[in-house]
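Student: I'd like a close look at a single part of this model, please. Pick one helix and tell me what surrounds it.

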Amino acid sequence: MVAGLNRAVRDADTSVMPIAATPVADEVRSLPGLHAAAVSLLPTRATLLDRIAEETAAADVSPAALVLVGLLRRDTGWPLPGDHLDQVAAALSANVRGDDWLARSGPTEFAVLLGAAAHHAETAADRLLEVVAGTGVPGLTACAGIAGLSPDTSPSEVHRRATLCLTAARSIGGGRVIRYRGTRR
């Protein structure tokens, strides 16, 4: 079975389908004790930026938003062990909608591309923060930053805006969601 998983991981192209719907992710979830592959199966930031570019082209017709979920530790602040990151990745993967797209954005950040306008993404972000809190990892909480996609904004700028909001949310504390509005009001 592990050989089949390794073959599936090698052959999987997770950049073209949401991780929640991939056969590889389903196989990882079905193997007890094999959580190490969950984070490594997620698409990278480079793939995320490519996906944002694809989604941006249709943003006029179908609004979309980027939600960055950043993990926070309430105890030591030391980096999270890999198995804790895998728990979070598996929980997020299991809880994103079928048309949403999950990726890894940084060492302790996950990105979710939502097929919804930025102001509707706040509800989804709150739900994702509850998912992180429900993983059972002691001392772990999360924040989120949201930025809407638009045809006149580059993928790296969308990511920068969401990162800016995530950084502001982290400075306030766990459970915060901040959406980029483009003004200082």
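Tutor: Happy to! A crossing is right-handed if the near helix is turned clockwise from the far one by less than a right angle, and left-handed if anticlockwise. The crossing of H5 and H6 is right-handed, and H6 is the helix to follow here. This is a predicted model, in which local features need pLDDT of at least 70 and side-chain atom pairs pLDDT 80 or more, while totals for chains, interfaces and linings use all residues. Residues are numbered from 1 along each chain, and side-chain values use heavy atoms, without hydrogens or water.

H6 covers 118-133, and H5 covers residues 82-95 (helices are DSSP H or I runs of at least four residues, strands E runs of at least two, numbered from the N terminus). Their axes come within 9 Å and cross at roughly 140° (lines fitted to C-alpha atoms over the stretch in contact, with angles from 0 to 180 degrees between N-to-C directions). That makes H5 oblique to H6 (under 35 degrees is roughly parallel, over 145 roughly antiparallel, 65 to 115 roughly perpendicular, the rest oblique).

From H5, the contact draws on Val88, Ala91, Leu92 and Asn95; H6 brings Arg127, Leu128, Val131 and Val132 (heavy atoms within 4.5 Å). By class, that contact has six nonpolar residues, one polar and one charged (Asp, Glu, Lys and Arg are charged; Ala, Val, Leu, Ile, Met, Phe, Trp, Tyr, Cys and Pro nonpolar; the others, Gly among them, polar).

H6 also helps line the largest pocket, as does strand S4 (140-148), each with at least two residues. The lining includes Ala118 and His119, along with Ala147 and Gly148. Others in the lining are Pro63, Ala64, Ala116, Ala117, Leu149, Arg161, Arg179 and Tyr180. Eight lining residues are nonpolar, two polar and two charged. The volume of this pocket is about 160 Å³ (the space filled by probe spheres set on grid points joined across faces, edges and corners). A pocket here is an open set of points on a 1 Å grid where a 1.4 Å probe fits, with protein on both sides within 12 Å along at least five of seven lines, and lining residues have an atom within 4 Å of a point.
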